[in-house]
Amino acid sequence: MEKANWSSPMVGFILLGLSAHPRLEKTFFVLILSMYLVILLGNGVLILVTILDSRLHTPMYFFLGNLSFLDICYTTSSIPLVLDGFLTPRKTISFSGCAMQMFLSFAMAGTECVLLSVMAFDRYVAICNPLRYPVVMSRSVYVSMAVSSWTIGGAASVVHTSLTIQLPFCGNNVINHLACEILAVLKLACADISINVISMGVTNVIFLGVPVLFISVSYVFIIATILRIPSAEGRKKAFSTCSAHLTVVVIFYGTLFFMYRKPKSKDPLGADKEDLSDKLIPLFYGVVTPMLNPIIYSLRNKDVKAAVRNLVARKYFTQ
């Protein structure tokens, strides 16, 4: 007998969250809330200084401002719901709300992959072709590159979200996850999802494989150029301009590849722990990277540190 189809906009999903681990919910609520507040504060300050300080009106800091805004949007698309879920067992979410969350989280993740590649190209031109930098990275060019990053990420998300919400869902409407994650939602479909799987694989190549290859090649040329600089001080100065971006790239893609390459457990006890880790690893991936980005750029960039000090001093003296 065919199961009843309940995939109408009037019917929602139940997010299982950490209801099987009630002792962890309050602990993670405090931890994730603290990290979320740091994300809002750190990235908010970075956006302010890149706008208010004229010395930071360059392509690199324009992209950094976009990255900070993206991180705020990415975490805000899911973290408030996750926090609410820690306090409300078996949190319900509407069909349209789940679709919107899938769209936003996928769009932000895809945009960040492209944006990090764009930032690598910016560093390549600045270090390998410094005389042509003002021409190659003109205002019209770097604004177009940023807009293209957002457009590509959004377009990919529209495709995957549309393919997902068109599927028939039947029987169990419980999502064994902290939020509406596309792969978790696909498990509830009672139809062939091969098209979704294939499109997801193609997207992974486009948004993970291609950017990693592009960034790697860019940094090969960057490092080769830096090593040819005769003075140690010159090499140090050149490397300092791209070290923050390189650190962010390593953390972003390193965590992502670890998350997808994690081996599956075969024993029942290990499967229970694996179920918990499958929820927590993406959660921490979604908050740790956005939290570290402003810290990394503040600690490893003299211009940003100076701009933050000026912003604080201006706020202090105007009171």
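Here are three short exercises, with worked solutions, on a predicted model.

**Exercise 1. The cysteines**

Task: Find out how many disulfides the model has, which cysteines form them, and whether those cysteines are buried or exposed.

Solution:

Step 1. Let's recall the idea: a disulfide is a covalent bond between the sulfur atoms of two cysteines.

Step 2. Now look for sulfur pairs within 2.5 Å. The count comes to 1 disulfide. Its partners are cysteine 98 and cysteine 180, with an S to S distance of 2.1 Å.

Step 3. Place the partners on the chain. Cysteine 98 belongs to helix 4 (residues 95-128), while cysteine 180 sits in the loop between strand 3 (174-175) and helix 7 (182-186). The two are 82 residues apart, so this pair links distant parts of the chain.

Step 4. Check the twist of the link: the value about the S-S bond is -120°, and the link between cysteine 98 and cysteine 180 is left-handed.

Step 5. Turn to accessibility, where buried means under 20%. Cysteine 98 is buried because its relative accessibility is 1%. Cysteine 180, at 2%, is buried too. Cysteine 73 has 25% and therefore counts as partly exposed.

Step 6. Finally, why does cysteine 128 have no bond to cysteine 242? The closest cysteine sulfur to that of cysteine 128 is in cysteine 242, but it is 9.2 Å away, which is too far for a bond.

**Exercise 2. Serine 218**

Task: Say where serine 218 lies and what it is in contact with.

Solution:

Step 1. Find the element: serine 218 is part of helix 8 (residues 194-227).

Step 2. Read its accessibility: at 6%, serine 218 counts as buried, because the cut-off is under 20%.

Step 3. Set aside the neighbours within four places in sequence; serine 218 is then in contact with Ala120 and Tyr124.

**Exercise 3. Two packed helices**

Task: Describe how helix 1 and helix 3 pack, and which residues make the contact.

Solution:

Step 1. Two packed helices are described by the angle between their axes and the distance between the axes.

Step 2. For helix 1 (residues 22-52) and helix 3 (residues 79-87), the angle is about 155° and the axes are 9 Å apart.

Step 3. Angles over 145 degrees count as roughly antiparallel, so helix 1 and helix 3 are roughly antiparallel to each other.

Step 4. Name the crossing: helix 1 passes helix 3 in a left-handed way.

Step 5. List the contact. Helix 1 contributes Glu25, Phe28, Phe29, Ile32, Leu33 and Tyr36, and helix 3 contributes Ile79, Pro80, Leu83, Gly85, Phe86 and Leu87.

Step 6. Sort these residues by class: the contact of helix 1 with helix 3 has 10 nonpolar, 1 polar and 1 charged residues.

Notes: Residues are numbered from 1 along each chain as its sequence is written. This is a predicted model: local features need pLDDT of at least 70, side-chain atom pairs count only at pLDDT 80 or more; totals for chains, interfaces and linings use all residues. Side-chain values use heavy atoms; hydrogens and water are left out. Helices (H or I, at least four residues) and strands (E, at least two) are DSSP runs, numbered from the N terminus. Buried means under 20% relative accessible area, exposed over 50%, partly exposed in between (1.4 Å probe, protein chains only). Contact means heavy atoms within 4.5 Å. Axes are lines fitted to C-alpha atoms, for helices over the stretch in contact, and angles run from 0 to 180 degrees between N-to-C directions. Angles under 35 degrees count as roughly parallel, over 145 as roughly antiparallel, 65 to 115 as roughly perpendicular and the rest as oblique. A crossing is left-handed if the near helix is turned anticlockwise from the far one by less than a right angle, and right-handed if clockwise. Ala, Val, Leu, Ile, Met, Phe, Trp, Tyr, Cys and Pro count as nonpolar, Asp, Glu, Lys and Arg as charged, and the others, Gly among them, as polar.
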